[in-house]
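Good morning, and thank you for the time on today's agenda. I would like to take you through one structure, beginning with a single residue and working outwards.

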Amino acid sequence: MTRVSTAAGRPAYRCTARAEAGGLIGLGLAMVPWLIVLHTWLPGTAESARWAWAWTGLDCLEAAGMLATGLLLRRGDPRGALTAAATATLLLVDAWFDTMTAAPGADLTSALLMAACAELPLAVSCAVLAVRTCSRAGAGPRRQRRREG
């Protein structure tokens, strides 16, 4: 998006965002047939030589997201909304894959408990922080349009 000045001296943005939005919508819709192919053709089970690294890496990203969000919010930096949103997403992914890859029995029970008692509540907290931080910063698209109009 390119910022230009209008005759009234207020900033205006060229409509590349509209094209970008259309492209993302098109790509999202194009994923639907791919999802069907994946669900149909992927094997029911798989082994990984780096299983522990995959989970450790995901948890490291979650910890980094929480640390970055806390530090940014402590400083009053509105970019904390971005890290909070990313961290919420990582926590949702963690809960999903924990429960979907767990073996039946105690492993599944443990995954469900972790999701219900830790990952999902933290994800909701991060999402709420992201929305509140954006609202306080006046970064909401509706507010922005009202100010410009």
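T133 is buried in this predicted model, with a relative accessible area of 7%. The residue belongs to helix 4. Leaving aside residues up to four places away in sequence, T133 is in contact with L73, P78 and A81.

Another residue of helix 4, which runs over residues 106-137, is E119. What is the nearest side chain of opposite charge to E119? It is R50, and R50 lies 21 Å away. E119 is therefore a buried residue without a salt bridge, given that such a bridge requires a side-chain nitrogen of Lys or Arg within 4 Å of a carboxyl oxygen of Asp or Glu. As for what does surround E119, its contacts are L91, D94, A95, D98 and M114, again not counting residues up to four places away in sequence. Two of the residues in that list, D94 and D98, are aspartates, and Asp counts as negative, as Glu does.

Let me turn to the salt bridges that are present. How many does the structure hold? There are 2. In one of them, the side chains of D77 and R75 meet, at 3.3 Å from N to O. In the other, D77 pairs with R79, and the closest N and O atoms are 2.6 Å apart. Together, R75, D77 and R79 form a linked network of salt bridges. The accessibility of the R75 and D77 pair deserves a remark. D77 is buried, its relative accessible area being 10%, whereas R75 is exposed, at 62%.

Next, the cysteines. How many disulfides does a search of the whole structure find? The search returns 0. By way of reminder, a disulfide is a covalent bond between the sulfur atoms of two cysteines. C117 is exposed, with a relative accessible area of 61%. C134 is partly exposed, and the corresponding value is 33%.

I come now to the largest pocket. It encloses about 630 Å³ of space. The elements that contribute two or more residues to its lining are helix 1 (16-41), helix 2 (51-74) and helix 3 (80-101). Which helix provides the largest share of that lining? It is helix 3, with 5 residues. The lining comprises 17 residues in total, and those nearest the centre of the pocket are P43, G44, F97, M100 and T101.

Finally, the chain as a whole. It contains 5 helices and 2 strands, and along the sequence these follow the pattern β-β-α-α-α-α-α. Of the 149 residues in the chain, 18% are buried; T133 and D77 are among the buried residues. Considering contacts with a separation of 6 or more, 49% join residues that are 24 or more positions apart.

To restate the points for discussion: E119 is buried and has no salt bridge, D77 is buried and is linked with R75 and R79 in a network of salt bridges, and the largest pocket draws the largest share of its lining from helix 3. Thank you; I welcome your comments.

Notes: Residues numbered from 1 in each chain as written. Predicted model: local features only at pLDDT ≥ 70, side-chain atom pairs only at ≥ 80, totals over all residues. Heavy atoms only, no water. Helix = DSSP H or I, 4+ residues; strand = E, 2+ residues; numbered from the N terminus. Buried < 20%, exposed > 50% of the residue type's maximum accessible area, 1.4 Å probe, protein only. Contact = heavy atoms within 4.5 Å. Disulfide = S-S within 2.5 Å. 1 Å grid on protein atoms, 1.4 Å probe; cavity = no way out; pocket = protein on both sides within 12 Å on 5 of 7 lines; lining within 4 Å. Points joined across faces, edges and corners; volume = space filled by probe spheres on them.
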